[in-house]
Amino acid sequence: MSEAKKERLAKVMARAGLCSRRDAEQWIKDGRVKLNGAIRRDPAMNVGDADEIIIDGRPLPKLESTRLWILHKPAGFVTTARDPEGRETVFSLLPKSMPRVVSVGRLDLNSEGLLLLTNDGELSRQLELPSTGLPRRYRVRIYGRIERDELQQLRDGIVVDGIRYGSINVEFEQQQQNLNQWVIMTLHEGKNREIRRVMNALGVEVNRLIRIAYGPFELGALEPGRMSEVSTNIVENFKRQLQDKQ
């Protein structure tokens, strides 16, 4: 970043991998950040290479190249750094050699599958934005009787308890006669517990939920609890594609 190209303070902090952009904005408002020796509380303030940024008494880490990992989250883990209830978190699965990372969105306690992790908080924010339009694909086991035409109505979106959910595409894996059926669901927003709430509204229960893809990134044959790093070339190409959309 040159003097000619300044960026917002919160964005610079997020890209350094310290936290998400939203958290960075809160840290600044809380007075945890000094800019050139003085506490500044404006997250939108622009900074450049010549500015000294101190966070909690420590200099802003040097910017590292963006890295991205795919983790196969098992059920029974929460997607937070710490849990007040003492439950295990996905971060306990990571090797000690891992740099500080943030997750791209969340999977709830009982959900499984693909979870993206990155050292770039700004990339995490971009991946989560509904405006980016990245599809999230899930393999979902539902319990109860439901017809194909009932599921087709989800393509036009649905309102549940006053919350509007956008278009969801649903396909049966295969024609099944028992009450447990597997479907593939593709959505673009990923609101909190979206699939479970939508399916409950249609009268069926979700008893297993596995995310198998997020945008171009797929779970593949990765075993539960294991992770793999996305190649640098793929990450950089993907970042350029995101920038082109903006």
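## Exercises on a predicted model

The buried residues of α2 pack against β1 (7-8), α1 (9-15), β2 (33-35), β5 and α3. Keep in mind that this is a predicted model. Let us begin with this helix.

### Exercise 1: the helix α2

Task: find which residues of α2 are buried, and say how they are arranged around the helix.

Solution.

- Step 1. Look for residues with under 20% relative accessible area, the cut-off for buried. In α2 these are R21, A24, W27 and I28.
- Step 2. Now look down the axis of α2: its buried residues fall within an arc of 115°, so they line one face of the helix.
- Step 3. Ask what these buried residues touch. Their partners include the strand β5 and the helix α3.
- Step 4. Move past the end of the helix. There you meet G31, which follows α2 and has a positive phi near 80°.

### Exercise 2: a salt bridge within α3

Task: explain how R125 and E122 are placed along the chain, and find the network they belong to.

Solution.

- Step 1. Start with the contact itself: the side chains of R125 and E122 form a salt bridge, with 3.2 Å from N to O.
- Step 2. Count along the helix. R125 and E122 are three residues apart in α3, so about one helical turn separates them.
- Step 3. Check the exposure of each partner. E122 is buried at 4% relative accessibility, while R125 is partly exposed at 28%.
- Step 4. Widen the view. Salt bridges with shared partners join R21, E122 and R125 into one network. R21 is one of the buried residues of α2 from the previous exercise.

### Exercise 3: two further salt bridges

Task: describe the salt bridges D83 with R87 and E112 with R208, and say which partners are buried.

Solution.

- Step 1. Take D83 and R87: their side chains meet at 2.9 Å, N to O. D83 is buried, with a relative accessible area of 16%, and R87 is partly exposed at 32%.
- Step 2. Take E112 and R208, whose side chains meet at 2.8 Å, N to O. This pair links distant parts of the chain, since E112 sits in strand β9 (residues 112-118) and R208 in strand β15, 96 residues apart.
- Step 3. Compare the accessibility of those two. E112 is buried at 12%, whereas R208 is partly exposed at 32%.
- Step 4. Place the pairs in the full tally, which comes to 14 salt bridges.

### Exercise 4: the largest pocket

Task: work out the volume of the largest pocket and what lines it.

Solution.

- Step 1. The space in the largest pocket is about 1400 Å³.
- Step 2. Its lining has 45 residues, and T79, S103, G105, R106 and E128 lie nearest the centre.
- Step 3. Elements giving two or more residues to this lining include α2 (21-29), α3 (121-128) and β15 (205-214).
- Step 4. Sort the lining by type: 17 residues are nonpolar, 10 polar and 18 charged.

### Exercise 5: positive phi at two aspartates

Task: locate D56 and D161, and say whether each is exposed or partly exposed.

Solution.

- Step 1. D56 lies in the loop between β5 (53-55) and β6 (58-59). Although D56 is not a glycine, its phi is positive, about 50°.
- Step 2. D161 lies in the loop between β11 (158-160) and β12 (163-165). Its phi is also positive, near 50°, in a residue other than glycine.
- Step 3. Apply the cut-off: exposed means over 50%. D161 has 78% relative accessibility, so D161 is exposed. D56 has 46% and is partly exposed.

Notes. Residues are numbered from 1 along each chain as its sequence is written. This is a predicted model: local features need pLDDT of at least 70, side-chain atom pairs count only at pLDDT 80 or more; totals for chains, interfaces and linings use all residues. Side-chain values use heavy atoms; hydrogens and water are left out. Helices (H or I, at least four residues) and strands (E, at least two) are DSSP runs, numbered from the N terminus. Buried means under 20% relative accessible area, exposed over 50%, partly exposed in between (1.4 Å probe, protein chains only). On a 1 Å grid over the protein atoms alone, a cavity is a set of points where a 1.4 Å probe fits but cannot get out, and a pocket is an open set with protein on both sides within 12 Å along at least five of seven lines; lining residues have an atom within 4 Å of a point. Grid points are joined across faces, edges and corners, and a volume is the space filled by probe spheres set on the points. Ala, Val, Leu, Ile, Met, Phe, Trp, Tyr, Cys and Pro count as nonpolar, Asp, Glu, Lys and Arg as charged, and the others, Gly among them, as polar. A salt bridge is a side-chain nitrogen of Lys or Arg within 4 Å of a carboxyl oxygen of Asp or Glu. The arc is that of the directions from the helix axis to the C-beta atoms. Contact means heavy atoms within 4.5 Å.
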